[in-house]
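Here is a walk through some strands, salt bridges and backbone oddities of one protein chain. Have the model open while you read, and click along.

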Amino acid sequence: MIRRATILPAVLSCLSVTGFAQKPPAAPEKVTVIRAANLIDGVSDKPRHNVLIALRGNKIENVKDGGAPPAGAMVIDLGPEVTVLPGLIDTHTHIFLQGEDPAEGGYDIQLLKHPWSFRAARATVSVRRALEQGFTTLRDLETEGAGYGDVGLKEAINAGYIPGPRLFVVTRAISTTGGYPLEGYNPDIVVPKGAQLGDGPVELRKITRQQLDNGADWIKVYMTHRSWTDPKDDKKLVSQPTLTLEEIKAVTDEAHGWGKKVACHAYGGIGLHRALDGGCDSIEHGLDLDDAAITQMVEQGTWYVPTITVYYGDWAPENTPDGKRDRARAFVHEASFKKALKSGVKIAFGTDMGGIPWTQPIAQEFDYMVKFGMAPMDAIKSATSRAAELLNMKGELGVIAPGGYADIIAVAGDPSANIDALKNVRFIMKNGTVYRH
Ligand SMILES: [Zn+2]
């Protein structure tokens with residue numbers, strides 16, 4: 001626990017260094033006050049001004065408009081030009097994946113050639129990069145062949161050995177035979193798979209139990225796999241379903257019994273409808289949401305994590321089958337996002353970072369959400385209070401209010417007027433510990 005103190009500036013060493021999962025120290029902790037000229041608290045529709053945020057240990061004690069800070073409190077004045085916000089939450093990442101650029105060997109080389117220690121070392125950099133961009137929480141949606149490595153990274157962060165966001169992890173993810181790479185190798189050679197594959201409700205329930213037993217906070221399932229364009233219509237996307245309804249129901253029934261939720265990768269068509277009928281809690285990507293799917297998502301309260309940006313990079317050449325598919329994906333995705341927004345589907349911010357190289361800015365996803373019609377303040381809520389709701393952490397994460405964890409950032413400018421401001425993070429605190437000031 002003390003090790004984290006070595007990476008802190010001396011001036012800030014009076015702040016709590018308590019890890020997320022650890023007991024608070026017995027001695028009374030000092031109060032720290034953040035003076036925020038402008039505050040987006042994650043819940044209110046408009047920014048607040050001249051606010052004092054009092055912190056004790058790793059929690060927010062109170063939030064007051066104006067007035068003087070309590071005597072003896074350490075005051076962090078962030079100045080008039082910045083806006084204070086809750087730490088941001090990305091609900092769809094892959095810390096063990098480092099882009100899929102074919103020139104660098106694509107997806108496959110990471111599973112075939114890189115030792116897990118190398119992948120873990122790079123994942124350490126991924127989580128640090130996320131934190132440095134103001135993302136204090138990630139729901140990491142599978143290790144892509146790196147086993148239970150996410151559980152270890154989470155432990156290392158919580159124990160203070162490495163800097164990183166709070167992690168909610170899914171471990172290996174689940175699909176069916178023929179439902180996930182690696183693919184296309186000599187069938188007589190056993191190659192690793194990026195997810196844990198199984199068939200039939202009995203086997204899939206067992207896999208779910210194994211993952212939960214080994215530390216999964218969520219279960220991730222691939223409900224669709226390959227996709228292509230309809231031969232008669234270049235703009236129509238067709239997706240291969242994976243799990244049957246009986247199979248997905250075994251997974252969700254088991255996970256829900258453990259009090260855990262199920263995130264389902266689903267592009268559209270049969271696989272998407274099985275995901276909804278089978279009780280998935282979040283639809284990941286949801287490129288092609290038809291009206292029936294939207295209605296069902298609203299009725300069931302299913303979350304939508306659109307991950308728009310990742311479908312705008314690295315398109316294959318036009319008029320090739322892959323190039324047509326890539327363009328059709330973006331075309332239908334834009335329409336789906338707009339329909340979901342208009343219909344009141346619950347939307348949480350997610351990027352698929354890892355599918356996107358970690359060198360790129362996470363906040364670029366906000367640009368697409370706003371471009372496709374979401375109000376900047378709603379886009380901010382999707383990455384704060386709404387994302388926290390998805391994570392069953394309402395009131396504890398994604399909000400600056402009494403009782404919340406002291407995950408607090410500040411950006412230059414006003415992101416509710418100019419969403420680009422979220423790319424310029426000046427101050428970062430996670431769990432009461434300052435990482436940048
Ligand atoms: Zn993903």
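A salt bridge here means a side-chain nitrogen of Lys or Arg within 4 Å of a carboxyl oxygen of Asp or Glu. Keep in mind that this is a predicted model.

**Salt bridges**

How many salt bridges does the structure hold? The count is 22. Three of them are set out in the table.

| Pair | N to O distance | Where the two residues lie |
|---|---|---|
| R386 and E389 | 3.1 Å | both in helix α11 (residues 385-390) |
| D217 and K154 | 3.0 Å | D217 in the loop between α4 (201-213) and β11, K154 in helix α3 (residues 149-158) |
| D253 and R205 | 3.0 Å | D253 in helix α5 (residues 245-257), R205 in helix α4 |

Let's start with the pair inside one helix. R386 and E389 sit three residues apart in α11, which is about one turn of the helix. Their side chains meet at 3.1 Å, N to O. Both ends have some access to the outside: R386 is partly exposed at 28% relative accessible area, and E389 is partly exposed at 25%.

Now for a pair that reaches across the sequence. D217 and K154 form a salt bridge of 3.0 Å between N and O. Since D217 is in the loop between α4 and β11 while K154 is in helix α3, the contact ties together parts that are 63 residues apart in sequence. Is D217 buried or exposed? It is buried, with a relative accessible area of 15%, and the cut-off for that label is under 20%.

D253 and R205 make another link of this kind, with their closest N and O atoms 3.0 Å apart. D253 belongs to helix α5 and R205 to helix α4, so this pair ties together parts that are 48 residues apart in sequence. Both residues count as partly exposed, D253 with a relative accessible area of 46% and R205 at 22% relative accessibility. There is a bit more going on around this pair, too: R205, R209, D253 and E254 are linked in a network of salt bridges.

**A strand with cover on both faces**

Next up is β11, which spans residues 218-222. Why can we call this strand largely enclosed by the rest of the structure? Because five of its five residues are buried. Look at the two sides in turn: W218, K220 and Y222 are buried on one side, and I219 and V221 are buried on the other. Yes, that set includes a lysine, K220.

For its partner, find strand β14 (residues 261-268), which runs parallel to β11 and is joined to it by five bridges. To get your bearings, pick W218, whose bridge partner in β14 is K261.

**The β18, β19 and β20 stretch**

Further along the chain, β19 is mostly covered, with five of its six residues buried. On one count, β19 pairs with strand β18 (residues 408-412) in the antiparallel sense over four bridges; V411 has V425 in β19 as its bridge partner. β19 also pairs with β20, again antiparallel, over three bridges. There, M429 has V434 in β20 as its bridge partner.

β19 and β20 make up a hairpin with two residues between them. In the turn you'll find N431, and its phi is worth a look.

**Backbone oddities**

As a rule, most residues other than glycine have a negative phi, and most peptide bonds are trans. Here are some places that go the other way.

N431 is not a glycine, yet its phi is positive, at about 55 degrees. This residue is in the loop between β19 (425-430) and β20 (433-436), and at 1% relative accessibility it counts as buried.

D314 is another non-glycine residue with a positive phi of about 55 degrees. Look for D314 in the loop between β16 (303-305) and α8 (321-343). Is D314 buried or exposed? At 71% relative accessibility, D314 counts as exposed.

Then there is a cis peptide bond between P181 and L182, with omega at about 15 degrees. L182 is in the loop between β9 (174-175) and β10 (196-197).

**A negative patch**

D314 turns up again on the surface, where E100, D101, E104 and D314 form a negative patch. E100 comes from the loop between β6 (88-93) and α1 (106-112), and at 40% relative accessibility E100 counts as partly exposed.

Definitions and conventions. Residues numbered from 1 in each chain as written. Predicted model: local features only at pLDDT ≥ 70, side-chain atom pairs only at ≥ 80, totals over all residues. Heavy atoms only, no water. Buried < 20%, exposed > 50% of the residue type's maximum accessible area, 1.4 Å probe, protein only. Pairing = 2+ DSSP bridges. Patch = residues over 30% accessible without salt bridge, like charges linked within 9 Å, V, L, I, M, F, W, Y side chains within 5 Å. Areas by Shrake-Rupley, 256 points an atom, 1.4 Å probe, with all protein chains shown as cover. Lys, Arg positive; Asp, Glu negative; His and termini not counted. Charge placed at Lys NZ, Arg CZ, Asp CG, Glu CD.
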